[in-house]
Amino acid sequence: MAMATSYSSMAYPPITSKTPFPNKQVSNWIPTTISNGNGTGGMFSVARRNSRIGVQVHAVTGDQGSRNVSDVKFPSDYPELLMQAKEAAESALKDGKQLLEIEFPTAGLQSVPGDGEGGNEMTGSMLLIREFCDRFVPAEKATRTRVFFPEANEVTFARQSAFEGCSLKLDYLTKPSLFEDFGFTTKVKMADRVRPEDETFLVAYPYFNVNEMLVVEELYKDAVVGTNRKLIIFNGELDRIRSGYYPSFFYPKLAVLSKTFLPKLDAVYYIHNFKGVKGGTLFRCYPGPWKVLRKATSGSYICLHQQEEMPSLKEVALDILPSV
């Protein structure tokens with residue numbers, strides 16, 4: 001899928017069966033190569049760098065005749081992105097936020113949803129979530145942090161691959177059913193999954209089956225509201241629900257979700273790319289403002305617009321990007 005300047009071109013894959021992870025066997029498992037967006041690829045698990053190449057972003061404010069320029073950081077690679085996401089999440093938690101969203105592309109920093117094959121994107125997210133947890137979760141809190149994957153089979157795969165040997169608690173939102181090929185799964189009662197010692201919940205990419213986000217809301221209501229617990233949704237592609245992609249007539253519960261649950265979320269780290277001649281990037285790193293960026297031929301990023309509230313993708317695609 002490519003997000004062009006025209007919002008009407010946005011499309012998402014249909015809700016069918018979930019693309020399985022390759023082979024589901026640890027003996028045959030090969031870590032995904034995650035591109036840094038510069039065409040060089042590289043194995044992410046060994047991609048840590050002691051030095052960072054700063055990416056300069058120039059923020060443009062005021063009218064076209066009087067531009068005030070200030071420097072803004074945009075990640076040059078995934079290790080830097082994860083460090084920014086960690087710091088953003090920590091800042092939000094210190095400010096008393098409980099329900100956080102982290103969203104960014106996994107097929108390359110300049111990719112859009114659908115650029116990568118579904119199973120590979122989920123595997124990439126799994127690797128990145130493990131790397132995020134290594135930075136974000138202190139060792140003494142690992143056993144009090146529960147990571148929820150979309151379904152039980154993926155927990156097994158995670159334990160045999162990216163999360164092998166870690167102390168984090170791994171869990172699932174749904175269980176496969178006989179009708180999984182038609183998009184049906186069995187919901188899991190969240191009250192039965194949570195333990196008294198749990199402090200933080202991290203939900204991994206709950207976007208392929210519509211039931212997954214409904215269970216996430218249940219988790220929030222049953223185990224977070226009225227407590228000091230925190231819930232982080234990692235690459236949930238929540239813009240599908242925000243944009244009205246799912247018709248309310250066929251998905252009434254999701255329509256309610258968009259009005260009751262999603263507004264409670266704080267998108268603390270967010271990257272969404274728009275392709276096309278007048279493409280760009282919607283970027284936010286808490287506690288900073290929302291910025292619409294465009295990459296110049298020099299490789300630097302120019303900030304075309306910024307605001308405190310999250311703009312809709314439609315607004316960015318139809319109003320902001322075409323105007324500059």
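Contact here means heavy atoms within 4.5 Å. This is a predicted model, where local features need pLDDT of at least 70, side-chain atom pairs count only at pLDDT 80 or more, and totals for chains, interfaces and linings use all residues. Residues are numbered from 1 along each chain as its sequence is written, and side-chain values use heavy atoms, with hydrogens and water left out.

**View 1. Phe149 and its neighbours.** Not counting residues up to four places away in sequence, Phe149 touches Met126, Glu154, Val155, Ala158, Phe163, Leu170, Asp171, Tyr172, Leu173, Ala204 and Tyr205. One of those, Phe163, has company of another kind: the charged end of Arg130 sits over its ring, 5.9 Å from the centre. (That label needs NZ of Lys or CZ of Arg within 6 Å of the ring centre and within 35 degrees of the ring normal.)

**View 2. The nonpolar cores.** A nonpolar core is a set of buried Ala, Val, Leu, Ile, Met, Phe, Trp, Tyr and Cys residues joined through side-chain atoms within 4.5 Å. Buried means under 20% relative accessible area, exposed over 50%, and partly exposed in between (1.4 Å probe, protein chains only). The largest core has 48 residues, and Ile102, Phe104, Phe132, Phe149, Phe163 and Tyr269 have the most contacts inside it. Helix 2 gives the most to this core, eight residues. Apart from it lies another core of 26 residues, with Leu99, Met190, Val210 and Leu254 among them. Across the protein chain of 324 residues, 51% count as buried.

**View 3. Phe74 against Tyr301.** Rings of Phe, Tyr and Trp (its six-membered ring) pair if their centres lie within 6.5 Å; planes under 30 degrees apart count as stacked, over 60 as edge-to-face and the rest as tilted. The whole structure has 15 aromatic pairs. Phe74 and Tyr301 make a tilted one, 4.4 Å centre to centre with 35° between the planes. Phe74 lies in the loop between strand 2 (71-73) and helix 1 (78-94) and Tyr301 in strand 12 (residues 301-307), so the pair ties together parts 227 residues apart in sequence. Helices (H or I, at least four residues) and strands (E, at least two) are DSSP runs, numbered from the N terminus. Both rings are tucked away: Phe74 is buried at 1% relative accessible area, and Tyr301 is buried at 6%.

**View 4. Phe104 against Phe234.** Here the ring centres are 5.5 Å apart and the planes at 80°, so this pair is edge-to-face. Phe104 comes from the loop between strand 3 (99-103) and helix 2 (118-136), while Phe234 belongs to strand 8 (residues 230-234), 130 residues apart. Phe104 is buried at 3% relative accessible area, and Phe234 at 0%. The two belong to one aromatic cluster with Tyr78, Phe132 and Phe136.

**View 5. Ser125 in helix 2.** Ser125 is buried, with a relative accessible area of 3%. Leaving aside neighbours within four places in sequence, Ser125 is in contact with Thr106, Tyr205, Phe234 and Asn235.

**View 6. The largest cavity.** On a 1 Å grid over the protein atoms alone, a cavity is a set of points where a 1.4 Å probe fits but cannot get out; lining residues have an atom within 4 Å of a point. Grid points are joined across faces, edges and corners, and a volume is the space filled by probe spheres set on the points. The largest cavity holds about 230 Å³ of space. Of its 19 lining residues, Glu103, Phe104, Pro105, Pro113 and Glu237 are the closest to its centre. Strand 9 gives the most to the lining, with four residues.

How values were computed:
On a 1 Å grid over the protein atoms alone, a cavity is a set of points where a 1.4 Å probe fits but cannot get out, and a pocket is an open set with protein on both sides within 12 Å along at least five of seven lines; lining residues have an atom within 4 Å of a point.
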